[in-house]
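Reader: I'm new to reading structures and get lost quickly. Could you zoom in on how the strands pair in one part of this one, and then walk me outward from there?

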Protein chains: 6
Amino acid sequence: MFFHKQELQFKATPAKPDALFARRLQEVLGGQYGEITVAMQYGFQAWNSHEPGKYRDLLFGIGAEEFGHVEMLAITIAQLLEKAPIEQSEAAAASDPVLGAVMGGMDVQHAIVAGAGARAVDSNGNPWQGSYITASGNLLADFTANANAEMQGRLQVARLYNMTDDHGVRELLSFLLARDTMHQNQWTAAAAELRAEGREDLPVPSNFPLSQEYRDVSYQYINFSDGAAAAEGSWASGPTPDGKGEFTYLDAPGTSAPMPPATQPDERYYGTTPKPNIVEKAAGVVKDKLSTK
Amino acid sequence: MFFHKQELQFKATPAKPDALFARRLQEVLGGQYGEITVAMQYGFQAWNSHEPGKYRDLLFGIGAEEFGHVEMLAITIAQLLEKAPIEQSEAAAASDPVLGAVMGGMDVQHAIVAGAGARAVDSNGNPWQGSYITASGNLLADFTANANAEMQGRLQVARLYNMTDDHGVRELLSFLLARDTMHQNQWTAAAAELRAEGREDLPVPSNFPLSQEYRDVSYQYINFSDGAAAAEGSWASGPTPDGKGEFTYLDAPGTSAPMPPATQPDERYYGTTPKPNIVEKAAGVVKDKLSTK
Amino acid sequence: MFFHKQELQFKATPAKPDALFARRLQEVLGGQYGEITVAMQYGFQAWNSHEPGKYRDLLFGIGAEEFGHVEMLAITIAQLLEKAPIEQSEAAAASDPVLGAVMGGMDVQHAIVAGAGARAVDSNGNPWQGSYITASGNLLADFTANANAEMQGRLQVARLYNMTDDHGVRELLSFLLARDTMHQNQWTAAAAELRAEGREDLPVPSNFPLSQEYRDVSYQYINFSDGAAAAEGSWASGPTPDGKGEFTYLDAPGTSAPMPPATQPDERYYGTTPKPNIVEKAAGVVKDKLSTK
Amino acid sequence: MFFHKQELQFKATPAKPDALFARRLQEVLGGQYGEITVAMQYGFQAWNSHEPGKYRDLLFGIGAEEFGHVEMLAITIAQLLEKAPIEQSEAAAASDPVLGAVMGGMDVQHAIVAGAGARAVDSNGNPWQGSYITASGNLLADFTANANAEMQGRLQVARLYNMTDDHGVRELLSFLLARDTMHQNQWTAAAAELRAEGREDLPVPSNFPLSQEYRDVSYQYINFSDGAAAAEGSWASGPTPDGKGEFTYLDAPGTSAPMPPATQPDERYYGTTPKPNIVEKAAGVVKDKLSTK
Amino acid sequence: MFFHKQELQFKATPAKPDALFARRLQEVLGGQYGEITVAMQYGFQAWNSHEPGKYRDLLFGIGAEEFGHVEMLAITIAQLLEKAPIEQSEAAAASDPVLGAVMGGMDVQHAIVAGAGARAVDSNGNPWQGSYITASGNLLADFTANANAEMQGRLQVARLYNMTDDHGVRELLSFLLARDTMHQNQWTAAAAELRAEGREDLPVPSNFPLSQEYRDVSYQYINFSDGAAAAEGSWASGPTPDGKGEFTYLDAPGTSAPMPPATQPDERYYGTTPKPNIVEKAAGVVKDKLSTK
Amino acid sequence: MFFHKQELQFKATPAKPDALFARRLQEVLGGQYGEITVAMQYGFQAWNSHEPGKYRDLLFGIGAEEFGHVEMLAITIAQLLEKAPIEQSEAAAASDPVLGAVMGGMDVQHAIVAGAGARAVDSNGNPWQGSYITASGNLLADFTANANAEMQGRLQVARLYNMTDDHGVRELLSFLLARDTMHQNQWTAAAAELRAEGREDLPVPSNFPLSQEYRDVSYQYINFSDGAAAAEGSWASGPTPDGKGEFTYLDAPGTSAPMPPATQPDERYYGTTPKPNIVEKAAGVVKDKLSTK
């Protein structure tokens with residue numbers, strides 16, 4: 001169960017309206033790595049969790065915080081839009097550079113659809129979607145997904161920080177940056193703890209029998225491009241992070257197989273097959289036909 | 001530039017057709033973490049790369065391999081579909097349990113749209129989409145995304161391995177499992193190398209000045225749920241993975257702010273505002289109205 | 001802010017696993033009118049609200065309940081999937097009718113992607129999306145949207161009730177049905193209250209000056225089909241629900257205007273225009289060409 | 001069958017081109033609540049209708065009108081785009097404020113994809129999609145959906161009215177406003193008629209046996225937030241709109257159930273389970289590992 | 001304007017219900033090449049047309065017919081679903097092979113969402129979307145798109161014909177096949193007429209000055225694969241269909257350019273650049289770190 | 001298998017950065033008819049191909065070239081974005097017209113998400129999706145789809161050519177225009193060759209027995225609009241392009257059928273049926289109710 005409290009975790013008070021920045025801020029609300037994503041991702045990971053202990057508790061504990069961040073951003077966006085202009089003709093834009101800039105850069109659906117309110121979309125107006133989230137049931141894989149989400153999220157907030165000079169907005173962003181720092185550290189620690197406890201290890205999933213994979217190519221760097229620089233990396237020689245092998249380097253694939261024969265499905269799929277099933281005309285006709293066009 | 005060779009990296013020859021498994025296999029071709037995703041993800045990361053050395057070379061080298069995996073899976077799916085049934089009425093299904101099972105479980109668009117061919121979709125028929133990929137320009141964030149993609153991918157292949165007993169298909173899957181093992185190790189090594197070289201570090205992005213984030217909450221576990229188990233984790237006390245702090249544990253938020261006042265946008269957005277702008281009728285009317293319904 | 005409590009609002013304990021019903025139940029979790037939709041819809045309406053009183057309070061109060069329903073359904077789906085089969089070849093399906101039925105009817109991503117867990121998708125595997133929600137800033141419009149959402153939602157739950165005979169699942173559905181009954185009544189009452197208080201009225205938005213709409217056609221039923229039955233309805237004669245007019249009936253449109261001239265944009269858009277801009281060949285050539293094909 | 005007449009229902013002649021407003025107008029053509037939505041929604045409701053009388057006739061009669069509105073808006077948008085600029089470099093924009101404003105604010109696909117033509121998208125370029133429509137077979141639910149669609153639609157047109165001062169466009173909008181007034185009234189009347197005839201009632205679906213829902217909570221307002229204002233509303237006490245109960249108010253949930261045990265699916269899903277299935281290492285190792293990073 | 005007539009263009013009366021085939025039939029109603037696509041495509045091409053003569057008239061004339069096909073298919077699907085089963089548990093499926101087959105193969109949203117009605121989706125439940133249509137303003141390009149749409153459409157109907165033995169459904173399909181035959185011929189004829197009249201020609205757009213394209217490679221077949229068979233085709237030598245050149249064959253690209261230097265954007269995008277901007281640690285540390293994992 | 005070479009097929013060096021044009025160029029990278037579409041389309045057609053000869057070889061040969069075009073455009077976009085501005089407040093925009101124009105017109109996700117890099121989206125930020133491609137197994141249908149794709153693609157590049165005056169970008173576009181010229185010719189030649197060889201013919205699919213289509217309407221132009229101009233076209237009289245009939249012209253449909261009876265599904269779908277299943281109230285109540293509102 002979720003309970004709501006009519007307070008925010010941190011102050012969110014823009015010094016002035018800014019419809020342009022409102023649009024940009026949508027990215028970290030409703031984008032691929034926005035707050036809706038992490039809130040729902042941690043939620044689904046918890047609900048699907050197969051273990052009832054500290055890891056599920058962690059997911060519940062942070063997931064609910066992220067729903068509060070969704071709220072904080074939505075309310076900030078509404079405040080930034082409070083003075084969104086309603087007169088927006090070409091003529092008006094031409095005579096007023098500020099209005100012209102706002103018209104060009106704002107999310108028009110903020111005005112037309114939401115009446116100066118936030119929306120469940122990213123900074124280009126793409127609706128948030130369920131396919132942004134990851135919840136596989138394997139916690140090492142999922143915590144790596146979570147670490148990535150917090151990295152991408154903090155990166156975007158850092159970029160946004162440089163796109164505004166509004167003191168109030170920057171305060172809010174500095175708070176979000178700090179929480180993303182925490183969450184990057186936390187998922188990194190949780191992933192390490194899973195490995196240290198022997199609960200899960202590289203390669204994920206670690207309880208799939210390695211004998212069933214084709215071990216000959218498990219640690220080969222195979223270069224399908226023509227650069228040589230990647231041979232210098234720690235991924236091309238030396239021990240592997242999973243502690244189970246040694247990297248080797250191949251500058252081209254060492255295995256190959258012939259292209260299988262083309263398939264011949266039931267003829268009632270009406271595909272084009274090698275043997276024409278109506279009387280074949282003389283091949284010479286082709287060029288003639290083309291040349292008359 | 002890309003060059004194509006009419007061979008496969010590994011043999012891909014199903015022992016027998018299986019339209020049901022063809023559908024399942026679509027997940028690792030065109031799903032969120034399928035081969036199209038990793039091929040395009042590594043491609044865009046390389047094309048957007050700001051550094052011309054070993055890391056971009058690595059992206060090019062692996063990205064091209066993944067395009068070959070796309071091909072290998074598409075061809076396998078077409079082979080599995082080669083005998084996909086064309087007669088599929090309820091009556092037919094009722095009298096033939098095999099056909100009934102196939103009808104229920106196959107992807108009907110494999111038959112109707114592709115004429116027994118593979119498609120750029122996942123196992124539920126959702127088209128692959130560009131929002132599956134990540135390419136931020138920050139390599140530590142992106143390599144973490146890549147490690148996650150290879151973990152989710154190997155996990156899905158491992159599950160698929162148990163959903164078929166076809167020897168030929170299992171051979172192909174054992175090859176893909178091994179390559180996913182390699183790529184999990186490789187991205188993990190590359191992420192570690194970035195940190196060891198001081199190119200990037202936690203928290204990502206590491207070159208954003210920490211003084212501009214609200215450091216008071218950078219290492220606080222704040223529990224928004226009512227479980228106590230998460231307090232036991234390595235994320236609740238002790239040094240943080242970024243080496244810059246100590247985790248602390250709070251069982252409830254330590255900061256809060258009042259809910260900002262509701263916004264009052266231009267009245268021509270026609271939103272509902274606290275002061276009614278037409279003459280307010282007596283409040284007593286409401287109940288009367290409702291009770292007559 | 002949202003706080004989580006590790007309890008459910010009502011018991012949700014399926015008597016037995018049922019992977020088929022798990023898929024069906026996804027509709028009311030992640031579908032157009034599922035619990036994610038109402039939770040997010042009431043949330044955004046509250047965050048965008050222009051009035052700080054009882055209406056916003058209502059949105060907050062119910063919105064948080066709906067997030068708990070999301071959780072309750074996700075957990076139920078995971079329980080229904082607990083025994084989801086892992087062996088799913090055509091051969092297996094053919095020899096086991098139960099397995100055959102399950103293979104056909106279950107959501108394959110439940111197994112491959114989520115490892116027997118719930119997902120943020122509908123019963124056909126379409127990801128939930130932000131465009132399902134409505135939050136316009138006009139409360140009469142939005143409360144009508146809410147009433148509709150609760151009607152569609154209860155209708156779907158009622159249908160699902162007849163698709164299972166599992167006692168535990170039916171108990172959960174009977175609880176959701178009752179809450180939908182409450183919420184249908186509540187939004188209906190709230191919409192009536194807005195009108196009774198004079199805050200908003202038909203036609204929405206009621207504070208747009210009626211003098212600026214083309215009043216000649218504001219209450220005309222105009223029949224663009226050839227049936228006569230609709231003339232009998234209360235929408236074809238008598239007073240209108242907004243109390244501002246009388247319905248009239250026209251069996252065909254009373255106004256029309258000529259089709260405007262075709263547009264002639266800049267020729268560098270390379271569209272096909274009425275005046276060919278390269279030398280026109282004799283029209284007689286056309287038929288000759290076609291007949292030789 | 002549908003027949004087309006090469007006239008418009010009303011004049012649609014912009015006084016001057018305006019590529020910015022063309023983009024905004026896309027919202028009511030191809031947006032969530034645009035004309036394509038209502039045309040298709042009324043169509044599918046009619047085609048799926050289970051009753052052949054006045055209600056289906058109403059759906060046919062209005063649905064065809066809405067297809068004409070689609071046409072009227074598409075043609076207007078093409079006219080507004082007739083002079084859309086083709087030269088659009090940064091340099092050009094910098095030296096010409098009008099061009100700069102247009103470049104920023106116009107839909108670039110209007111130029112690149114459609115060659116100065118309308119598109120089946122909303123004002124942010126999101127393609128129209130089938131999931132915008134509602135057709136459940138239950139007419140009271142669907143007519144409520146229709147009333148909502150007409151409210152949201154009229155609200156958006158009213159906002160657009162204030163975003164242009166073009167006399168010709170405003171005339172068109174004043175016509176659409178009037179038709180939306182009619183359709184709001186009409187669906188409200190039709191919903192009331194269904195109830196008055198006893199065909200359908202609150203709660204929808206009214207023919208589901210109330211005895212099968214958990215009646216204890218059918219009329220309870222349960223507050224999951226910490227505000228007290230909602231207790232003042234007509235939804236918190238007094239008779240309910242369905243005429244079958246009395247509202248009560250609870251300031252917190254009155255029922256709860258323990259969180260069910262975590263699920264334990266087949267181990268071949270490779271999820272993370274409470275009992276590690278590989279040898280567990282000493283827990284003390286964790287902190288060491290983390291601290292060396 | 002569109003006018004509706006409560007008749008169908010052809011009889012559409014399934015001999016018996018078939019929920020499985022109802023799902024399949026959705027492909028040609030709401031799929032990529034279904035009737036909604038062609039109806040909307042011809043509509044938008046007409047509304048955006050720059051020429052007011054026979055071509056626009058053709059688009060109007062056929063477009064309205066296609067809206068009638070949408071209706072015909074929707075009504076047929078509703079009839080096929082009339083007896084769609086409501087009891088659908090695993091237990092029921094196991095004991096009844098017909099029910100088991102139907103459960104697996106039907107579109108569950110037909111039952112849960114539409115109450116046994118048609119939907120604006122394809123045979124996998126993907127909602128129809130505006131991005132399926134093409135309307136560029138260039139009629140030769142668009143008529144080619146139309147010819148393709150009718151080819152794909154007829155191909156799908158032909159496949160569906162073999163998936164049912166219902167006499168009534170086959171009659172409907174035989175009618176649609178014939179109309180697709182007509183429309184394939186018609187768009188082919190219209191494309192030829194455009195070329196014969198000199199209105200448009202290959203390469204499209206023909207009024208773009210050829211001198212501005214890099215003519216050296218305008219007729220070169222450049223082989224990026226390692227097969228030699230394509231050299232035998234009429235596209236590898238001889239006159240070109242546009243009548244303006246001769247095909248030549250290259251077995252590898254004849255031009256190339258060095259990879260441009262990696263970009264170096266503003267450092268506040270926090271991308272990973274070649275020169276580390278924090279103190280670089282000794283490179284030797286890397287391997288050590290990895291080996292301890 | 002695909003192999004990558006770290007060179008480009010042609011030079012791609014913008015003379016100067018231009019974030020506005022970078023956004024526009026996304027259309028031909030990740031749009032409906034962009035390079036990702038043709039690369040993937042030719043790939044899937046090859047992988048699904050039922051014939052192993054020159055046609056599949058052609059698809060492989062060109063498909064790999066198109067993947068190289070994807071790379072060329074992505075790299076060009078990254079170069080155009082290299083100086084994308086990071087300071088983007090309303091205040092900044094107001095005082096600097098260039099910045100104002102750029103802010104309005106650029107893709108904000110280029111900055112926030114990709115850190116000045118290309119993305120797998122179109123010029124409005126819609127992610128590329130698998131439903132853009134066509135691969136049916138029938139080569140005449142698919143080659144027509146390919147010809148259309150190259151026509152739409154060249155049309156868009158031609159429009160883009162006029163939207164920039166950057167010499168370097170124009171050089172790249174002139175190269176792409178030439179390759180599109182080649183590919184239009186090539187697919188046209190390949191389609192003609194299929195027909196000349198008797199492999200496939202109009203109507204597609206040509207091996208479906210014509211006797212099973214309703215031949216009475218196979219060559220009828222049926223006018224569903226009220227214009228007479230289309231009667232003048234070559235599609236209204238004379239021989240048909242498939243060589244199997246004569247066009248005829250009907251100014252209205254010659255066949256029709258009564259609307260089938262409304263469906264009556266299982267009552268547990270809770271749809272609204274003609275016979276109310278709860279006690280019907282007096283019809284007179286309706287008007288009373290409405291008039292009191």
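Author: Sure, let's start in chain E, keeping in mind that this is a predicted model. Find strand β3, residues 220-222 of chain E, and strand β5, residues 246-250: the two pair in the parallel sense, over three bridges. If you want a spot to fix your eye on, E:Tyr221 stands opposite E:Tyr249 of β5(E).

β5(E) has another partner too. Strand β4 of chain E, residues 238-239, pairs with β5(E) over two bridges, this time in the antiparallel sense. Here E:Gly238 has E:Phe247 as its bridge partner. β4(E) and β5(E) make a hairpin with six residues between them, and in that turn E:Gly243 has a positive phi of about 70°. As background, strands of a sheet pair through backbone hydrogen bonds, and they can do so parallel or antiparallel.

Now hop over to chain D for a view of a whole sheet. Its three strands run in the order β3-β5-β4, forming an open sheet with mixed pairing. β3 and β4 of chain D are the edge strands, since each of them pairs on one side only. β3(D) pairs with β5(D), residues 246-250, in the parallel sense over three bridges, and D:Ile222 has D:Leu250 as its bridge partner there.

Stay in chain D and look for charged side chains. Side chains of opposite charge can pair when their charged atoms come close. Over all chains, the structure holds 73 salt bridges. One of them joins D:Lys54 to D:Glu197, with 2.4 Å between the closest N and O atoms. D:Lys54 sits in helix α3 (residues 54-80) of chain D, while D:Glu197 is in the loop between α8 and β3 of chain D, so this pair ties together parts that are 143 residues apart in sequence. Both D:Lys54 and D:Glu197 are buried.

Chain F has a salt bridge of its own, between F:Glu193 and F:Lys54, with the closest N and O atoms 2.6 Å apart. F:Glu193 lies in helix α8 (residues 167-196) and F:Lys54 in helix α3 (residues 54-80), so to speak two distant parts of chain F, 139 residues apart. Are these two buried or exposed? Buried means under 20% relative accessible area. F:Glu193 is at 4%, so it counts as buried, and F:Lys54 is buried as well, at 14%. In chain A, salt bridges even link up as a network of A:Glu51, A:Lys54, A:Glu193, A:Glu197 and A:Arg199.

Want one that crosses between chains? F:Arg154 and E:Glu213 meet in a salt bridge at 2.6 Å, N to O. F:Arg154 is in helix α7 (residues 139-161) of chain F and E:Glu213 is in the loop between α8 and β3 of chain E, so the pair joins two chains. F:Arg154 and E:Glu213 are both buried.

The nonpolar side chains cross between chains too. The largest nonpolar core has 534 residues, and the ones touching the most other members are A:Phe44, B:Phe44, C:Phe44, D:Phe44, E:Phe44 and F:Phe44. Take C:Phe44: beyond its close sequence neighbours, its contacts include A:Leu29, A:Ile36 and A:Ala74 from chain A, along with C:Ile133 and C:Ala135 from chain C.

While you're in chain C, find helix α1, residues 19-30. From its first C-alpha to its last, this helix of twelve residues reaches 16 Å, close to the 16 Å expected. α1(C) is mostly covered, with twelve of its twelve residues buried, among them C:Phe21, C:Arg23 and C:Glu27.

A few backbone oddities are worth a look. Most residues other than glycine have a negative phi, and most peptide bonds are trans. In chain C, though, a cis peptide bond joins C:Leu202 and C:Pro203, with omega about -15°, and another joins C:Val204 and C:Pro205, with omega about -10°. C:Pro203 lies in the loop between α8 and β3 of chain C, and so does C:Pro205. Back in chain E, E:Tyr270 has a positive phi of about 60° although it is not a glycine. You'll find E:Tyr270 in the loop between β6 and α9 of chain E, and at 4% relative accessibility it counts as buried.

Last stop: how two copies sit together. Chain A superposes on chain B by a rotation of 180° with 0.0 Å of shift along the axis, at an RMSD of 0.0 Å. The two copies are thus related as by a two-fold rotation axis. And 100% of the interface residues of chain A are also interface residues in chain B, so the copies meet through the same surface.

Methods. Residues numbered from 1 in each chain as written. Chains lettered and ligands numbered in written order. Predicted model: local features only at pLDDT ≥ 70, side-chain atom pairs only at ≥ 80, totals over all residues. Heavy atoms only, no water. Pairing = 2+ DSSP bridges. Helix = DSSP H or I, 4+ residues; strand = E, 2+ residues; numbered from the N terminus. Salt bridge = Lys/Arg side-chain N within 4 Å of Asp/Glu carboxyl O. Buried < 20%, exposed > 50% of the residue type's maximum accessible area, 1.4 Å probe, protein only. Core = buried A, V, L, I, M, F, W, Y, C linked by side-chain atoms within 4.5 Å. Contact = heavy atoms within 4.5 Å. Least-squares fit on C-alpha atoms with pLDDT ≥ 70 in both. Expected span 1.5 Å × (residues − 1). Lists of a residue's contacts leave out its neighbours within four places in sequence.
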